[in-house]
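Hello,

Here is the structure I promised to pass along, with the sequence beside it. Have a look at it first, and then read on for what turned up.

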Amino acid sequence: MKKLFENWNKYLNEEAAPHATYHVVNKMMETGMSALEALKSLTHDLSDKEARRWLERHKDEMESAKQDLGFGK
């Protein structure tokens, strides 16, 4: 049972999808868009107000994604 649990954890860690912020930062890097523009291009029917709130709530994750992906280098 322990081995099953270890294998399951390994699978989850390897196959986990990146946080949405990575997609936003990647779009910014590919297109030169602002964070707000990139987020709105990746979602449907998101208002500017909602997008700004999302970016504010996830600003730490955005910074982490920027560092991990080498944004601005």
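The largest nonpolar core is a good place to start: it has eleven residues, namely Val 24, Val 25, Met 28, Ala 35, Ala 38, Leu 39, Ala 51, Trp 54, Leu 55, Met 62 and Ala 65. Four helices, α2 (20-31), α3 (35-42), α4 and α5, each supply at least two residues of this core. Do keep in mind that this is a predicted model.

Now to α3. Its buried residues are Ala 35, Ala 38 and Leu 39. They span an arc of only 95° around the axis and therefore sit on the same side of α3. That fits the general pattern: an α-helix has 3.6 residues a turn, so residues three or four places apart point the same way. The partners of the buried α3 residues are α2, α4 and α5.

One core member, Ala 51, touches Leu 36, Leu 39, Lys 40 and Leu 46, leaving aside residues up to four places away in sequence.

The last item is the pairing of α4 (residues 48-57) with α5 (residues 59-69), which pack at an angle of about 70° with their axes 4 Å apart. Angles of 65 to 115 degrees count as roughly perpendicular, so α4 and α5 are roughly perpendicular to each other. On the α4 side the contact involves Trp 54, Leu 55, Glu 56 and Arg 57, which meet Lys 59, Glu 61 and Met 62 in α5. By type, the residues of this contact are three nonpolar, no polar and four charged.

Happy viewing, and best wishes!

Technical notes
Residues are numbered from 1 along each chain as its sequence is written. This is a predicted model: local features need pLDDT of at least 70, side-chain atom pairs count only at pLDDT 80 or more; totals for chains, interfaces and linings use all residues. Side-chain values use heavy atoms; hydrogens and water are left out. Axes are lines fitted to C-alpha atoms, for helices over the stretch in contact, and angles run from 0 to 180 degrees between N-to-C directions. Angles under 35 degrees count as roughly parallel, over 145 as roughly antiparallel, 65 to 115 as roughly perpendicular and the rest as oblique. Contact means heavy atoms within 4.5 Å. Ala, Val, Leu, Ile, Met, Phe, Trp, Tyr, Cys and Pro count as nonpolar, Asp, Glu, Lys and Arg as charged, and the others, Gly among them, as polar. A nonpolar core is a set of buried Ala, Val, Leu, Ile, Met, Phe, Trp, Tyr and Cys residues joined through side-chain atoms within 4.5 Å. Buried means under 20% relative accessible area, exposed over 50%, partly exposed in between (1.4 Å probe, protein chains only). The arc is that of the directions from the helix axis to the C-beta atoms.
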